[in-house]
Amino acid sequence: MISKQNFLHLALLSMLAAPAAAFDLVDAWRAAREFNAEYAAASADLSAGQERRAQGLAGLLPQFNVSYQHTNTMPTTPVSASPSAAYSYGVSLSMPLFDLGKMAAYRKGVLASEQADNQWQAKQQQLLAAVVQAYLDVLHAKEALQATAASKQLYQLQLKQAQLQLTVGTGTTLDLYEAQAALDGAEAKEIREQNELAQHRQRLWRLTGLDASQAQHAGDVLAAPPVEASLAEWLRRAHAHSPELRAAEQALALAKADVTEKRGLHLPVLALSAAYNDSRNPASNPLRQRGSSVGVSVTLPLYAGGGHRSQLREALSRQQAAQDRLLETQRQLDEEVSKAWRNLNSSAALLRAQQRLLASSQNKLASTRLGVKVGIRTNLDLLQAEQAVYDAQSGIVGSKHGYLSAQVVLAQLAGMLDEAELARINRVIQSVNER
């Protein structure tokens, strides 16, 4: 009879041994949002950055202060004097009527809050792109390893046949060496691909916390291509939605606001102040005093040792630097979008060419097998034809991965890598399971 402790132990082992559920690309992204520490940190940074707006606005709003003071007096001379207590309290209000520096500080707070939101969107797209790329890398490594394993089995069979034919005198030593070399090459390739698959699985786990062995395979990636658009249209989308370009524009706006703030150091500051005070002191006459005041103060800076002018010159230089960085960001974005657009189109063309190559290689293999039967082709010819087929299959695997990766890169550069694009790529991946 199984004890309760042994039963619980067996139940735990069965749970650990249970296979993990298969997941698709959308599942991987949802898991990453819950698991990834960098994503959680970006969420906290967003919350912190959004407070900059409120902090900037606080400088333009009324400031209220309440004060209270209680004093006990215990005189030592004359001896006949008795201790006394005095107190006072007051309420004051101050509010800027014209302060260019505080207005600029509010503008900087608004821009900093918008910058935090833009950085959050950029981080989100970066994580999404990383998850998609890691997922595709796992699929590519799995399919490449499967193709190599299939070719390895074939080369093992070819080696046995070459050994048998050499024994009975119908084969040559060259056929044996060729079969052995092909098998050794496949085994070396299998080792490399096993290591690459382990590395890609580890990276996908780091991003999502999921068991990468359950990732689904990719189907016909050409069946659901991205929205066709010219290079000019992709450049327009990138200029309208790129988080990197928005960040550079916001950096320039912040630099301009800083210049405005430094110019305010030379301008007068106009402020409204109001106060109410109530005090009681037995040593004063009258015993209690109450009063209120309302006033407007004007502060005009005259000379600050040249520090204000130096700060303005510094701010102007930083504004020019931000302007130059924005221009460089635009040029770099144009270059990267153009490169990604060309990679996308060339990858699609290469994949079609690889598919045609596979078809022709399979036809050649069928003809070579027939030629071996009738004696016009050798076993070496057959081995080379089979190698050509598996090379073409490996080429399709690599081209498929390059085509999907080019889509991800282009969508990210254009600021359009969102859940809708993710769902489209996911439908491509799921198409293999629907056949």
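Which residues line the second largest pocket? Colleagues, before I answer, please note that the structure before you is a predicted model.

The lining of the second largest pocket consists of Leu265, His266, Pro301, Leu302, Tyr303, Ala304, Gly305, Gly306, Gly307, His308 and Arg309. By class, this lining holds 5 nonpolar, 5 polar and 1 charged residues. The volume of the pocket is about 160 Å³.

Let me turn to helix α8. This helix covers residues 307-374, 68 residues in total. From its first C-alpha to its last, α8 reaches 97 Å, which is close to the 100 Å expected at 1.5 Å a residue. Just after α8 comes glycine 375, with a positive phi of about 90°.

I now come to the aromatic side chains. The count of aromatic pairs in the model comes to 3. In one of them, tryptophan 29 and tyrosine 39 meet edge-to-face, 6.0 Å centre to centre and with 85° between the planes. Tryptophan 29 belongs to helix α2 (residues 25-35) and tyrosine 39 to helix α3 (residues 37-58), so this pair ties together parts that are 10 residues apart in sequence.

Are these two residues buried or exposed? Tryptophan 29 has 2% relative accessibility and counts as buried; tyrosine 39, at 11%, also counts as buried.

Tyrosine 39 has a further partner in tryptophan 120: the ring centres are 5.1 Å apart and the planes lie at 55°, so the pair is tilted. Because tryptophan 120 lies in helix α4 (residues 100-168) and tyrosine 39 in helix α3, the pair ties together parts 81 residues apart in sequence. Through ring pairs, Trp29, Tyr39 and Trp120 are linked into a cluster.

Finally, the charged end of arginine 237 sits over the ring of tryptophan 234, 4.8 Å from its centre.

Technical notes: Residues are numbered from 1 along each chain as its sequence is written. This is a predicted model: local features need pLDDT of at least 70, side-chain atom pairs count only at pLDDT 80 or more; totals for chains, interfaces and linings use all residues. Side-chain values use heavy atoms; hydrogens and water are left out. On a 1 Å grid over the protein atoms alone, a cavity is a set of points where a 1.4 Å probe fits but cannot get out, and a pocket is an open set with protein on both sides within 12 Å along at least five of seven lines; lining residues have an atom within 4 Å of a point. Grid points are joined across faces, edges and corners, and a volume is the space filled by probe spheres set on the points. Ala, Val, Leu, Ile, Met, Phe, Trp, Tyr, Cys and Pro count as nonpolar, Asp, Glu, Lys and Arg as charged, and the others, Gly among them, as polar. Helices (H or I, at least four residues) and strands (E, at least two) are DSSP runs, numbered from the N terminus. The expected span of a helix is 1.5 Å times one less than its number of residues. Rings of Phe, Tyr and Trp (its six-membered ring) pair if their centres lie within 6.5 Å; planes under 30 degrees apart count as stacked, over 60 as edge-to-face and the rest as tilted. Buried means under 20% relative accessible area, exposed over 50%, partly exposed in between (1.4 Å probe, protein chains only). A charge sits over a ring if NZ of Lys or CZ of Arg is within 6 Å of the ring centre and within 35 degrees of the ring normal.
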